[in-house]
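Biologist: Please give me a close look at one part of this model, and then connect it to what else can be seen. Short sentences, please; I am new to this.

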Amino acid sequence: MVSTRGKLVVGNWKMNGSRAANSVLLDALKASAPYPASVAVCVPAPFLRDVAASLQGSHIAWGAQDCSSHASGAFTGEVSAAMLAEFGCRYVIVGHSERRAMHGESDRLVAEKAARALASALTPIVCVGETLAEREAGQTEAVVSRQLGAAIELLGDAVAQIVLAYEPVWAIGTGKTASPAEAEAVHAALRAQLTAASAAAVDVSILYGGSVKADNAASLFGQADIDGGLVGGAALNAEQFAAICKAAA
Ligand code: PGA
C-alpha cells in the first residue's frame, strides 16, 4: 500500500498561557501562514473556546492535551472527548509522559483514552517514549513497543486512525534532542509494528517530540519515518513555532 502521509506539526502548550498572551501568539501564527505542513495547537481546556474563535477559518487546527477514559458521569475534574469535540477540537494528546509519570497513567488507560477520542471523531495523538534509565539499559524498543502494543490491542484496525508521537522522556524540556538517526531508528521500529498490526496503518503519522527547535527541526523532519513534530517549549514562541512548521516541508 502506498502511503499518503503528510507532515504535521503540533504545539503542546502544556499548562501555559493566558487569554491575552494566547491571542497575541495565535495572531502571530496566523500572520506567518501559509505553512507547508498541517499545523495544530493543543491547549489547556479552558482556552478552547477562545482558541476556536481565533482559529476558525484558518489553516491551523486545535485540540486538547488529555481526555477522560470515561464517556460521562461522576468523574470530578475530568473532561470527556465528547466535550472537546463540541469545541471543534481535531486532536487530543493522550499518554503524554508527564501524565504517565505524574498521574500514573498505564498503557491500558492511555489506550482507553485513545478509544474515547476516536468514538468522538477526534484524532488521538498517542505518546510513547522511554526514560533515560530505560534507554541506557537498552530497553528503548521494548518500552515503546509495549506502549504502542496496548493501543493496537484495544483499537484493532482503528489504530490506523491515530497519530503516534515518539517522545523520549529524557529529551522533553531538557534541550537534549535525540539525534535524527536515533529518532529515525525508533520511528522505523514503530512503523513496522503498526503496519504488521494493520495494513491501513501505513498512513499513520509518527511525530517526534523532545526539544524540537527551529534549528534542529529540518534535520529531524527530513528522516524517512519522521512525519513532523510534537513541540512543547518552542510552541510558546510564535517565531520559533512558525519556523518549525516551515521546516516541515
Ligand atoms: P519540549 O516538549 O518540546 O519542551 O521538549 C515536548 C513535549 O513534551 O511534547
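Modeller: Let us start with Cys245, in what is a predicted model. Its closest cysteine sulfur belongs to Cys42, and the gap is 12 Å, so the two are too far apart for a bond. A disulfide is a covalent bond between the sulfur atoms of two cysteines. To count as one here, the sulfur atoms must lie within 2.5 Å. That is why the 12 Å between Cys245 and Cys42 rules a bond out. Cys245 is also buried, because its relative accessible area is 0%, and the cut-off for buried is under 20%.

Does that picture hold elsewhere? The structure holds zero disulfides. Cys127 is in no disulfide either; for Cys127, the nearest cysteine sulfur is that of Cys42, 9.1 Å away. Cys127 counts as buried, since its relative accessibility is 1%.

Next, the ligand. A shell of 13 residues surrounds the ligand. Lys14, His96, Glu167, Gly173 and Ser211 are the closest of them. Sorted by class, the shell has seven polar, four nonpolar and two charged residues. Now look at single atom pairs. A polar backbone atom of Ser211 is 2.7 Å from an oxygen atom of the ligand. Gly233 also uses its backbone: an N or O atom there lies 2.8 Å from a ligand oxygen. Asn12 uses its side chain instead, with an N or O atom 3.4 Å from an oxygen of the ligand. How much of the ligand does the protein bury? Taken alone, the ligand exposes 280 Å², and the protein buries 97% of that.

Move on to two aspartates. Asp107 is in helix H5, which covers residues 107–119. With a relative accessible area of 16%, Asp107 falls under the 20% cut-off and is therefore buried. Its side chain makes a polar contact of 2.7 Å with the side chain of Arg146. Leaving aside neighbours within four places in sequence, Asp107 is in contact with Arg146, Arg100, Gln147 and Ala150.

Asp225 is found in a loop. That loop runs between helix H9 (217–221) and strand S8 (228–231). Is Asp225 buried or exposed? Asp225 counts as buried, because its relative accessibility is 15%. Not counting residues up to four places away in sequence, Asp225 touches Arg5, Glu184, His187, Ala188, Arg191 and Ile206.

Arg191 leads us to Thr195. The backbone oxygen of Arg191 lies 2.9 Å from a polar atom of the Thr195 side chain. The side chain of Thr195 also reaches the backbone oxygen of Ala192, at 3.3 Å. Where does Thr195 sit? Thr195 is in helix H8, residues 180–197. At 30% relative accessibility, Thr195 counts as partly exposed, because that value lies between the 20% and 50% cut-offs. Setting aside residues up to four places away in sequence, Thr195 touches Ala201 and Val202.

One last distance. Thr195 and Asn237 are 42 residues apart in sequence. In space they are 36 Å apart, C-alpha to C-alpha.

To recap, Cys245 is buried, as its relative accessible area is 0%. Cys42 holds the closest cysteine sulfur to that of Cys245, at 12 Å, which means too far for a bond.

Conventions: Residues numbered from 1 in each chain as written. Predicted model: local features only at pLDDT ≥ 70, side-chain atom pairs only at ≥ 80, totals over all residues. Heavy atoms only, no water. Helix = DSSP H or I, 4+ residues; strand = E, 2+ residues; numbered from the N terminus. Buried < 20%, exposed > 50% of the residue type's maximum accessible area, 1.4 Å probe, protein only. Contact = heavy atoms within 4.5 Å. Near = heavy atom within 4 Å. Polar contact = N/O pair within 3.5 Å; in protein donor to acceptor, adjacent residues only side chain to side chain. Areas by Shrake-Rupley, 256 points an atom, 1.4 Å probe, with all protein chains shown as cover. Nonpolar A, V, L, I, M, F, W, Y, C, P; charged D, E, K, R; others polar.
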